[in-house]
Amino acid sequence: MSYEEMESSEVLGTNSNSGCGCQMNCVCQVVRAIKDIQDEAVEEECLTCTSNCFVEPLGDLALPARQRSDTRVFTLTNKNGDLFKGLFKGTAGKCVSVFFRVEDIFDNCCATLRVLVPLNNQTVVNLFPNGKLSYEALCSVNNWASSNSCITVDLHCFCAVQCIADVNLGICEV
């Protein structure tokens, strides 16, 4: 469903059932759109998780050189304005990320997200030195790797979603 279709069908309207302080239900719809776009880019044998977020097809966020992609990397912002974070198995204090890949959406806007490992080239970036988000470290991220860590979230609890890049993480490759 395009942004225009969602807007005209009032999907982006207010939601009085959002128990997390946000009045817009758009985060859920954007993450659903990301999932649909990712699903179109992967092969049927793919197993699920064991700029503009609506840009299709997957790989177009990497313009002008479109590439083979299986993941739309995104961040979520909490109602207090902080980036949502998830843990992945890491070393030397490098185990927290703010980058995700949607794996599944179910029920009333619940989603399973895969935590993505932030990289600068092939080195894991410590986004939270001294326990606080470092914007310098955040801006140094230029690549991502898939982790084995997934988290289930209620998408109603977020006020913003930002798509970062389309990448090929080899999610479905054996």
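Is Phe99 buried or exposed, and what is its relative accessible area? In this predicted model, Phe99 is buried, its relative accessible area being 5%. The residue lies in the loop between strand E3 (94–97) and E4, and its surroundings are taken up below together with the other aromatic pairs.

The structure holds three aromatic pairs. One of them is formed by Phe84 and Phe158, which meet in an edge-to-face arrangement, with 4.9 Å from centre to centre and 70° between the planes. This pair joins distant parts of the chain, since Phe84 belongs to the loop between E1 and strand E2 (86–91), whereas Phe158 belongs to strand E8 (residues 158–167), the two being 74 residues apart. Phe84 has a relative accessibility of 16% and therefore counts as buried, the cut-off for that class being under 20%. Phe158, at a relative accessibility of 3%, likewise counts as buried.

Phe99 itself takes part in a pair with Trp144, and because the ring centres are 5.5 Å apart and the planes stand at 70°, this pair is edge-to-face. Here, too, distant parts of the chain are linked, for Trp144 is found in strand E7 (residues 143–154) and lies 45 residues from Phe99. Trp144 is buried, with a relative accessible area of 9%, and its partner Phe99 is buried with a value of 5%. Ring pairs further link Phe84, Phe100 and Phe158 into a cluster.

Strand E4, which spans residues 100–106, is mostly covered, five of its seven residues being buried. E4 pairs with strand E5 (residues 110–120) in the antiparallel sense, and six bridges are found between the two strands. Within this pairing, Phe106 stands opposite Cys110 in E5. The hairpin that E4 and E5 form has three residues between the strands, and in this hairpin Asp107 takes a positive phi near 50°.

A further buried position is found at Ser69, which is placed in the loop between helix H2 (26–41) and strand E1 (71–78). Ser69 has a relative accessible area of 5% and is therefore buried, as the class requires a value under 20%. When residues up to four places away in sequence are left out of the count, Ser69 touches Ala41, Leu58 and Gly59, and also Asp166, Val167 and Asn168. Among these contacts, Ala41 falls within the range given for helix H2 (26–41), while Asp166 and Val167 fall within the range of strand E8 (residues 158–167).

Conventions:
Residues numbered from 1 in each chain as written. Predicted model: local features only at pLDDT ≥ 70, side-chain atom pairs only at ≥ 80, totals over all residues. Heavy atoms only, no water. Helix = DSSP H or I, 4+ residues; strand = E, 2+ residues; numbered from the N terminus. Buried < 20%, exposed > 50% of the residue type's maximum accessible area, 1.4 Å probe, protein only. Contact = heavy atoms within 4.5 Å. Pairing = 2+ DSSP bridges. Phe/Tyr/Trp six-rings, centres within 6.5 Å; stacked < 30°, edge-to-face > 60°.
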